[in-house]
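Here are some short exercises with worked solutions. Take a look at the model first, then work through them at your own pace.

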Amino acid sequence: MKKGLDERQRQLVDRIGAHSFCVMFLTGAAVILAQLIGLGNFQAVAGETVVFLAGGLVYLIGCLKNGIWEKSGKNMTRGQAFLFSVICSGFFSVFYGMAIARKAAQDVNVAKYVVAFFIGISALCFVSLQIMGKIAQMRREKQEKKYSE
């Protein structure tokens with residue numbers, strides 16, 4: 001009788017763990033957004049937000065440390081990074097706009113604040129994606145150089 005898992009089983013368990021993390025991460029994000037929309041009180045979701053951010057940061061740092069940025073092993077092109085930034089910023093700008101509209105007075109022009117938020121978050125996201133891609137590429141090259149020697 002064998003003791004422990006063989007290589008195929010270890011890979012399967014790793015894949016199941018990765019899928020489980022993704023489900024928990026996305027479910028956590030959905031719950032936070034639902035509570036923020038329903039309650040409008042950040043203190044009500046502060047604990048979930050800390051857990052959400054901690055899990056995301058550990059995952060991100062682990063990937064970057066090992067030179068992994070995309071599943072293909074390559075970096076995003078500038079166009080892909082720009083598109084991703086615009087899509088994510090658009091998504092979060094909608095929620096920002098809803099939050100501002102709920103709290104603002106009737107005569108406040110919410111649209112200009114949402115547009116400014118969208119542009120700022122898009123730029124920040126694009127720059128962050130480019131920096132993280134470069135970090136992953138440098139780590140990957142360092143590892144390849146280490147193992148080729």
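**Exercise 1.** Find how many helices and strands the chain has.

*Solution.* Start with the count: the chain holds four helices and zero strands, where helices (H or I, at least four residues) and strands (E, at least two) are DSSP runs numbered from the N terminus. Next, read the order from the N terminus: α-α-α-α. A word on the ground rules: this is a predicted model in which local features need pLDDT of at least 70 and side-chain atom pairs count only at pLDDT 80 or more, while totals for chains, interfaces and linings use all residues. Residues are numbered from 1 along each chain as its sequence is written, and side-chain values use heavy atoms, with hydrogens and water left out.

**Exercise 2.** Work out which domains the chain has and how far apart their C-alpha centres lie.

*Solution.* The assignment, automatic or from a database, gives domain 1 (1–65) and domain 2 (70–149). Their C-alpha centres are 20 Å apart. Eight residues of domain 1 and ten residues of domain 2 make the contact (heavy atoms within 4.5 Å).

**Exercise 3.** Describe the interface of domain 1 and domain 2 by buried area and salt bridges.

*Solution.* First, the area: about 710 Å² is buried between the two domains, 65% of it on carbon and sulfur atoms (accessible area, 1.4 Å probe, lost on putting the two parts together, summed over both). Then, the charges: the rule finds zero salt bridges across this interface (a side-chain nitrogen of Lys or Arg within 4 Å of a carboxyl oxygen of Asp or Glu). Finally, helix H1 (7–39) and helix H2 (46–65) each give two or more residues to the side of domain 1 that touches domain 2, and H1 gives the most, with four residues.
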